[in-house]
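Visitor: I have a structure open and would like to go through a few spots in it. Can we start with one residue and work outwards?

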Amino acid sequence: MTEFDWTQLLDYALMAMLVSVAIAIVRLRNLFAAVMLMGVYSLLSAAWFVSLDAVDVAFTEAAVGAGISTVLMLAAMLLTAREADPVGAGRHWAALIVVSVTGAALFYAVGDMPVYGDINSPANSGPGMDYVTSTPSEVAIPNVVTAVLASYRGFDTFGETVVIFAAGLGVMLLLGLRGRKPGQEDKP
């Protein structure tokens with residue numbers, strides 16, 4: 001096999017693991033196990049993004065998806081039951097129909113996408129090419145995506161960081177910072 005075949009094989013393996021973990025999450029009734037598998041799903045997604053050469057997206061997925069989201073879900077789980085209530089069969093069919101229609105629409109849209117790596121695609125021929133050509137001389141960062149986020153969009157990236165911090169702080173305040181004392185009952 002050539003190097004491209006190995007990369008494609010890795011992508012297929014990661015997609016198969018993502019589908020397997022997603023099915024396991026849906027089938028679980030134990031909320032703790034579901035939260036842990038959601039963290040695994042995020043880490044597998046991050047590995048897939050690395051395979052696709054999107055390391056900045058992979059880093060964000062690992063930090064937010066596997067890290068912060070898992071911690072927040074575990075904190076929220078402290079306020080709820082450990083097992084999920086049974087769901088009626090009608091909701092399963094409704095969810096299956098929604099997922100099937102969405103999947104069919106996505107597969108229909110794939111035909112309108114440009115070929116992978118096409119030099120004449122809008123993403124490769126628009127203003128993005130100006131960044132690709134001018135970034136090495138203007139910014140001393142070899143990764144163009146990192147240079148755009150850190151230099152050209154620095155204030156925007158800082159604003160996004162502040163929003164995420166404020167959202168995390170808001171969730172912590174909603175959940176309570178002190179926690180419950182042993183033997184303390186919930187007040188209505």
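Visitor: What is Leu28 in contact with, leaving aside its neighbours within four places in sequence?
Guide: This is a predicted model. In it, Leu28 is in contact with Ala33, Ala34 and Leu37, once neighbours within four places are set aside.

Visitor: Where does Leu28 lie?
Guide: Leu28 lies in the loop between α1 and α2, and α2 covers residues 31–51.

Visitor: Is Leu28 buried or exposed?
Guide: Leu28 is partly exposed, because its relative accessible area is 33%, and the partly exposed class runs between 20% and 50%.

Visitor: And how far is Leu28 from Glu83 in space?
Guide: Their C-alpha atoms are 9.1 Å apart, while 55 residues separate Leu28 and Glu83 in sequence.

Visitor: Let's move into α2. What about Ser51, buried or exposed?
Guide: Ser51 belongs to helix α2. The relative accessible area of Ser51 is 18%, so Ser51 is buried; the cut-off for buried is under 20%.

Visitor: Which residues is Ser51 in contact with, leaving aside neighbours within four places?
Guide: Ser51 is in contact with Thr7, Leu10, Asp11 and Leu14.

Visitor: Take Thr7 from that list. Where is Thr7 found?
Guide: Thr7 is found in helix α1. With a relative accessible area of 31%, Thr7 is partly exposed. The C-alpha atoms of Thr7 and Ser51 are separated by 7.3 Å, although the two residues are 44 apart along the chain.

Visitor: Which residues make up the largest nonpolar core?
Guide: That core has five residues, namely Leu14, Leu18, Val21, Ile25 and Leu44. Helix α1, residues 3–27, gives the largest share of this core, four residues.

Visitor: What does Leu44 touch?
Guide: Not counting residues up to four places away in sequence, Leu44 touches Leu14, Met17, Leu18 and Val21.

Visitor: New topic. At what angle do α2 and α3 pack?
Guide: The angle is about 175°, and the axes of α2 and helix α3 (residues 55–77) are 7 Å apart. That angle is why α2 counts as roughly antiparallel to α3; the class takes angles over 145 degrees.

Visitor: What kinds of residues are in that contact?
Guide: The residues of the contact of α2 with α3 divide into 17 nonpolar, five polar and one charged. On the α2 side they include Phe32, Met36, Gly39 and Phe49. On the α3 side, Val57, Gly65, Thr70 and Met73 are among them.

Visitor: Ala46 is in α2 too. Is Ala46 buried or exposed?
Guide: Ala46 is buried, because its relative accessible area is 7%, and buried means under 20%. Leaving aside neighbours within four places, Ala46 is in contact with Ala58, Glu61 and Ala62. Between the C-alpha atoms of Ala46 and Gly65 there are 8.8 Å, with their positions 19 residues apart along the chain.

Visitor: Now the whole protein. How many helices and strands are there?
Guide: The protein has eight helices and zero strands, and the pattern along the sequence reads α-α-α-α-α-α-α-α.

Visitor: How much of the protein counts as buried?
Guide: Of the 188 residues, 14% count as buried. The protein exposes about 14,400 Å², and carbon and sulfur atoms supply 71% of that area.

Visitor: Last one. What share of the contacts with a separation of 6 or more comes from residues 24 or more positions apart?
Guide: Such pairs account for 50% of those contacts.

Conventions:
Residues are numbered from 1 along each chain as its sequence is written. This is a predicted model: local features need pLDDT of at least 70, side-chain atom pairs count only at pLDDT 80 or more; totals for chains, interfaces and linings use all residues. Side-chain values use heavy atoms; hydrogens and water are left out. A nonpolar core is a set of buried Ala, Val, Leu, Ile, Met, Phe, Trp, Tyr and Cys residues joined through side-chain atoms within 4.5 Å. Buried means under 20% relative accessible area, exposed over 50%, partly exposed in between (1.4 Å probe, protein chains only). Helices (H or I, at least four residues) and strands (E, at least two) are DSSP runs, numbered from the N terminus. Contact means heavy atoms within 4.5 Å. Accessible areas come from the Shrake-Rupley method with a 1.4 Å probe; for residues, only the protein chains shown count as cover. Axes are lines fitted to C-alpha atoms, for helices over the stretch in contact, and angles run from 0 to 180 degrees between N-to-C directions. Angles under 35 degrees count as roughly parallel, over 145 as roughly antiparallel, 65 to 115 as roughly perpendicular and the rest as oblique. Ala, Val, Leu, Ile, Met, Phe, Trp, Tyr, Cys and Pro count as nonpolar, Asp, Glu, Lys and Arg as charged, and the others, Gly among them, as polar.
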